[in-house]
Amino acid sequence: MGTWPDRLSWDEDALRQRAARPGDRDVVDALSDYRVVEAFDSTSLLEVRLTTGRQGQIRVQAQLRGHPLVGDRRYGG
């Protein structure tokens, strides 16, 4: 179990959320609680519960930690 606390902002060029940078306007807090349901060799099944609801929040928060969602073309890299 754990919590993902982030500050996000909208990247107009990429048209997606990203980690906020100093000087960004319209920064929003993003908070999610998660737990690992089952771990496999190269991936894990997570249960994620949003405390806040931002566009693409789970996707960007997982990607920020180096664990993009399987099949996610926008935030998966």
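A residue is called buried when its relative accessible area is under 20%, and exposed when that value is over 50%, with partly exposed residues in between. In the predicted model described here, this definition places L8 among the buried residues, because its relative accessibility is 0%. L8 belongs to strand β1, and the strand itself is one part of an architecture that comprises one helix and four strands. Followed along the sequence, these elements appear in the pattern β-β-β-β-α.

The overall dimensions of the protein chain can be described before its details. The C-alpha trace spans about 40 × 25 × 20 Å along its principal axes. The radius of gyration is 13 Å, which agrees with the value near 11 Å that a compact globule of 77 residues would have. Of the 77 residues, 22% count as buried, and the chain exposes about 5,600 Å², of which carbon and sulfur atoms supply 48%. Among the contacts with a separation of 6 or more, 41% are accounted for by residues that stand 24 or more positions apart. With regard to charge, the chain carries 12 positive and 12 negative side chains, and the centres of these two sets lie 2 Å apart.

The surroundings of L8 illustrate how separate parts of the sequence meet. When residues up to four places away in sequence are not counted, L8 touches Q17, R18, A19, A20, D26, V27, V28, A30, V60 and L64. By contrast, L8 and E47, which are 39 residues apart in sequence, have C-alpha atoms 21 Å apart in space. One of the residues touched by L8 is R18, which lies in strand β2. R18 counts as buried because its relative accessible area is 16%, a value under the 20% limit. The contacts of R18, again without residues up to four places away in sequence, are with R7, L8, S9, D11, D24 and V60.

V60 thus appears in the contact list of L8 and in that of R18. Helix α1 covers residues 57-64, and its buried residues are Q57, V60, Q61 and A62. In an α-helix there are 3.6 residues a turn, so residues three or four places apart point the same way. The buried residues of α1 pack against β1, β2 (16-19), β3 and β4 (44-50). The helix is followed by G66, whose phi is positive, near 80°.

The segment after α1 contains Y75, which is buried, with a relative accessible area of 5%. The C-alpha atoms of Y75 and V60 are 6.3 Å apart in space, while the two residues are 15 residues apart in sequence. Leaving aside neighbours within four places in sequence, Y75 is in contact with R16, Q17, R59, V60, Q63 and P68. V60 is therefore a buried residue of α1 that is in contact with Y75, a residue of the segment after the helix.

A pair of aromatic rings is described by the distance of the centres and the angle of the planes. The count for this model comes to one aromatic pair. The pair is formed by W4 and Y34, whose ring centres are 4.9 Å apart and whose planes meet at 25°, and the arrangement is classed as stacked, given that planes under 30 degrees apart count as such. W4 lies in strand β1 (residues 2-11) and Y34 in strand β3 (residues 28-39), so the pair ties together parts of the chain that are 30 residues apart in sequence. The two partners fall into separate accessibility classes, since W4 counts as buried at 7% relative accessibility, whereas Y34 is partly exposed, with a relative accessible area of 23%.

Finally, the backbone has some noteworthy positions in its loops. Most residues other than glycine have a negative phi, and most peptide bonds are trans. L15, which is found in the loop between β1 and β2, has a positive phi near 55° although it is a residue other than glycine. L15 is partly exposed, with a relative accessible area of 46%. D26, placed in the loop between β2 and β3, likewise is not a glycine and has a positive phi of about 55°. At 66% relative accessibility, D26 counts as exposed, yet D26 is also among the residues touched by the buried L8.

Definitions and conventions: Residues are numbered from 1 along each chain as its sequence is written. This is a predicted model: local features need pLDDT of at least 70, side-chain atom pairs count only at pLDDT 80 or more; totals for chains, interfaces and linings use all residues. Side-chain values use heavy atoms; hydrogens and water are left out. Helices (H or I, at least four residues) and strands (E, at least two) are DSSP runs, numbered from the N terminus. The radius of gyration is taken over C-alpha atoms; the globule rule is 2.2 Å times the number of residues to the power 0.38. Buried means under 20% relative accessible area, exposed over 50%, partly exposed in between (1.4 Å probe, protein chains only). Contact means heavy atoms within 4.5 Å. Accessible areas come from the Shrake-Rupley method with a 1.4 Å probe; for residues, only the protein chains shown count as cover. Lys and Arg count as positive and Asp and Glu as negative; His and the chain ends are not counted. The place of a charge is taken as NZ of Lys, CZ of Arg, CG of Asp or CD of Glu. Rings of Phe, Tyr and Trp (its six-membered ring) pair if their centres lie within 6.5 Å; planes under 30 degrees apart count as stacked, over 60 as edge-to-face and the rest as tilted.
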